[in-house]
Amino acid sequence: MNKRQRKKLETKKKLRLPNVAHFPLKKWWNLFQELSGYIAEGLSIFLSKTHRVPIFLIYDGDYPEEEDDDSEEELTEEKLEEMILIESFKMQEWQNMVSKMLWSFEQIRDNYPDEPFNKWKNKWKETRTGNVLDCPQEIWDADKLYHQKIQEGIDLFAKYFEELWD
């Protein structure tokens, strides 16, 4: 460690700042897009490797009552098949939720490539007829639905943030 690095570390300790690498200023101005890249990459890996279903999906908030040790209910083959089927269905539901999250963050990271207004604007640039704000109402409606779908994925991410472990 050279003298300059040591001085920076001492200053950080004095100010009680974390000893982390500097986050470049050019990444701060668009932090949501920068972070969405990290989140999308993490969700992509998580989706490919997840093996568990969150407990809230299996019981839908109603946890089974504790049974007495005396009542040993026999696990029949039918009941076992039903449990496997339910868990399989719930796993698919969980993966669909994570896929929605992933899609939202990929759209933000890639600067909204599927946004209806941007697609319309790119076609408008080719012809240059009229004003760009003379966009048809159907495009505005589709654009609103597109952003609602993105927001749905972000809301799912916020709601189930603590369940993103395997």
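This is a chat about helices H5 and H7 in a predicted model.

Student: How close do the axes of H5 and H7 come, and at what angle do they cross?
Tutor: The axes of H5 (residues 77-109) and H7 (residues 137-159) come within 8 Å, crossing at roughly 120 degrees.

Student: OK, so are they perpendicular or oblique to each other?
Tutor: Oblique, because roughly perpendicular covers 65 to 115 degrees. As for handedness, H5 passes H7 in a left-handed crossing.

Student: Which residues meet there?
Tutor: On the H5 side, they include Met-97, Met-101, Trp-103, Phe-105 and Ile-108. The H7 side includes Tyr-146, Ile-150, Ile-154, Leu-156 and Phe-157. Lys-100 in H5 and Lys-149 and Glu-152 in H7 are also among them.

Student: How many are nonpolar, polar and charged?
Tutor: The contact of H5 with H7 has 10 nonpolar residues, three polar and three charged.

Student: Sticking with H7, which residues are buried?
Tutor: Ile-139, Asp-143, Tyr-146, Ile-150, Gly-153, Leu-156 and Phe-157.

Student: And what do those buried residues pack against?
Tutor: Helix H3 (31-49), H5 and helix H6 (116-127).

Student: What span should H7 have, and what does it have?
Tutor: At 1.5 Å a residue, its 23 residues should span 33 Å, and the end C-alpha atoms are 33 Å apart, so the two agree.

Student: New topic: Glu-87. Where is it found?
Tutor: Glu-87 sits in helix H5.

Student: Is Glu-87 buried or partly exposed?
Tutor: Partly exposed, because its relative accessible area is 42%, and buried would mean under 20%.

Student: How far is Glu-87 from Ile-58?
Tutor: Their C-alpha atoms are separated by 6.9 Å, with the two residues 29 residues apart along the chain.

Terms used: Residues are numbered from 1 along each chain as its sequence is written. This is a predicted model: local features need pLDDT of at least 70, side-chain atom pairs count only at pLDDT 80 or more; totals for chains, interfaces and linings use all residues. Side-chain values use heavy atoms; hydrogens and water are left out. Axes are lines fitted to C-alpha atoms, for helices over the stretch in contact, and angles run from 0 to 180 degrees between N-to-C directions. Helices (H or I, at least four residues) and strands (E, at least two) are DSSP runs, numbered from the N terminus. Angles under 35 degrees count as roughly parallel, over 145 as roughly antiparallel, 65 to 115 as roughly perpendicular and the rest as oblique. A crossing is left-handed if the near helix is turned anticlockwise from the far one by less than a right angle, and right-handed if clockwise. Contact means heavy atoms within 4.5 Å. Ala, Val, Leu, Ile, Met, Phe, Trp, Tyr, Cys and Pro count as nonpolar, Asp, Glu, Lys and Arg as charged, and the others, Gly among them, as polar. The expected span of a helix is 1.5 Å times one less than its number of residues. Buried means under 20% relative accessible area, exposed over 50%, partly exposed in between (1.4 Å probe, protein chains only).
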